[in-house]
Amino acid sequence: MQWDIINTLVRHYKSHSEREYAFERCAVEICRISDAKIVSLELTPPTRDGGRDGIGLYRLGTDFSFIKVEFFMEAKCYAPDSGNGVKLTSRLISRLKHRQFGYFVTTSYVSEQAYEEIVEDNHPVVVFSARDIARILIECGINSVENLEKWLNSIDA
């Protein structure tokens, strides 16, 4: 089921009028449904975005005592067998400032070297790869190709 979800997702955006750039809206929604502490997440303009596809605020603390932390999101819609290398992940990492973190959302995977660098260097980056995306969608009830297509059409509207 997971691969059906991912392959449908990739096919949808490969044939979309805005191509893979439209996946950025989907990545925003995936982030939002994955964590209720995301206060806001807005897309950046398609060009001159500083290498970030989205900018958001994340809430840390309790209902009566909290802070908001800025984060960035990078979205990549690639075939599941096309990995994201160091160049793509380091682009997001290089834009993070002190006390910021990032989400790297991809319909494929992060190469072993890129992932090792994120982990070993303790970069504050949350990676949502193809399998993670499928699990997030399935857990929130988007558990069939039909449900996914309806959800994608609502995002595109």
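Is Arg25 buried, partly exposed or exposed, and at what relative accessibility? Arg25 counts as partly exposed, at 23% relative accessibility. The cut-off for buried is under 20%, and exposed begins over 50%, so Arg25 falls in between. Keep in mind that this is a predicted model.

**Salt bridges**

Side chains of opposite charge can pair when their charged atoms come close. A search of the whole structure finds six salt bridges. Three of them are set out here.

| Pair | Closest N to O distance |
|---|---|
| Arg25 and Glu18 | 3.3 Å |
| Arg25 and Asp156 | 3.8 Å |
| Arg32 and Glu42 | 3.8 Å |

Arg25 takes part in a salt bridge with Glu18 and in another with Asp156. The pair of Arg25 and Asp156 links distant parts of the chain. Arg25 sits in helix 2, residues 23–34, and Asp156 in helix 6, residues 145–156. In sequence, 131 residues separate the two. Together, Glu18, Arg25 and Asp156 are linked in a network of salt bridges. How accessible are the partners of Arg25? Glu18 is partly exposed, with a relative accessible area of 39%. Asp156 is also partly exposed, at 24%.

Helix 2 also holds Arg32. Its side chain meets that of Glu42 in a salt bridge. Glu42 lies in strand 1, so this pair ties together a helix and a strand, at positions ten residues apart in sequence. Arg32 counts as partly exposed at 33% relative accessibility. Glu42 is partly exposed too, at 49%.

**A patch of negative charge**

Which residues gather in a patch of negative charge on the surface? They are Glu112, Glu116, Glu117, Glu120 and Asp121. Glu116 belongs to helix 4, which covers residues 112–120. At 35% relative accessibility, Glu116 counts as partly exposed. A patch residue needs over 30% relative accessible area, so Glu116 passes that cut-off.

**Loops between strands**

Thr44 is found in the loop between strand 1 (38–43) and strand 2 (54–61). Is Thr44 buried or exposed? Thr44 is buried, because its relative accessible area of 12% is under the 20% cut-off. A polar atom of the Thr44 side chain lies 2.4 Å from the backbone oxygen of Arg52.

Ser65 is in the loop between strand 2 and strand 3 (66–76). Ser65 is partly exposed, with a relative accessible area of 46%. How far apart are Ser65 and Leu96? They are 31 residues apart in sequence and 25 Å apart in space, C-alpha to C-alpha.

**Positive phi angles**

Most residues other than glycine have a negative phi. Arg99 has a positive phi of about 70°, although it is not a glycine. Arg99 lies in the loop between helix 3 (86–95) and strand 5 (101–106). At 69% relative accessibility, Arg99 counts as exposed.

Asn122 also has a positive phi, near 55°. Where is Asn122 found? Asn122 is in the loop between helix 4 and strand 7 (125–128). Asn122 counts as exposed, because its 66% relative accessibility is over the 50% cut-off.

Conventions. Residues are numbered from 1 along each chain as its sequence is written. This is a predicted model: local features need pLDDT of at least 70, side-chain atom pairs count only at pLDDT 80 or more; totals for chains, interfaces and linings use all residues. Side-chain values use heavy atoms; hydrogens and water are left out. Patches are made of residues with over 30% relative accessible area and no salt bridge: like charges are joined within 9 Å, nonpolar side chains (Val, Leu, Ile, Met, Phe, Trp, Tyr) within 5 Å. Accessible areas come from the Shrake-Rupley method with a 1.4 Å probe; for residues, only the protein chains shown count as cover. A salt bridge is a side-chain nitrogen of Lys or Arg within 4 Å of a carboxyl oxygen of Asp or Glu. Lys and Arg count as positive and Asp and Glu as negative; His and the chain ends are not counted. The place of a charge is taken as NZ of Lys, CZ of Arg, CG of Asp or CD of Glu. Helices (H or I, at least four residues) and strands (E, at least two) are DSSP runs, numbered from the N terminus. Buried means under 20% relative accessible area, exposed over 50%, partly exposed in between (1.4 Å probe, protein chains only). A polar contact is a pair of N or O atoms within 3.5 Å; within protein, one must be able to donate a hydrogen and the other to accept it, and residues adjacent in sequence count only if both atoms are side-chain atoms.
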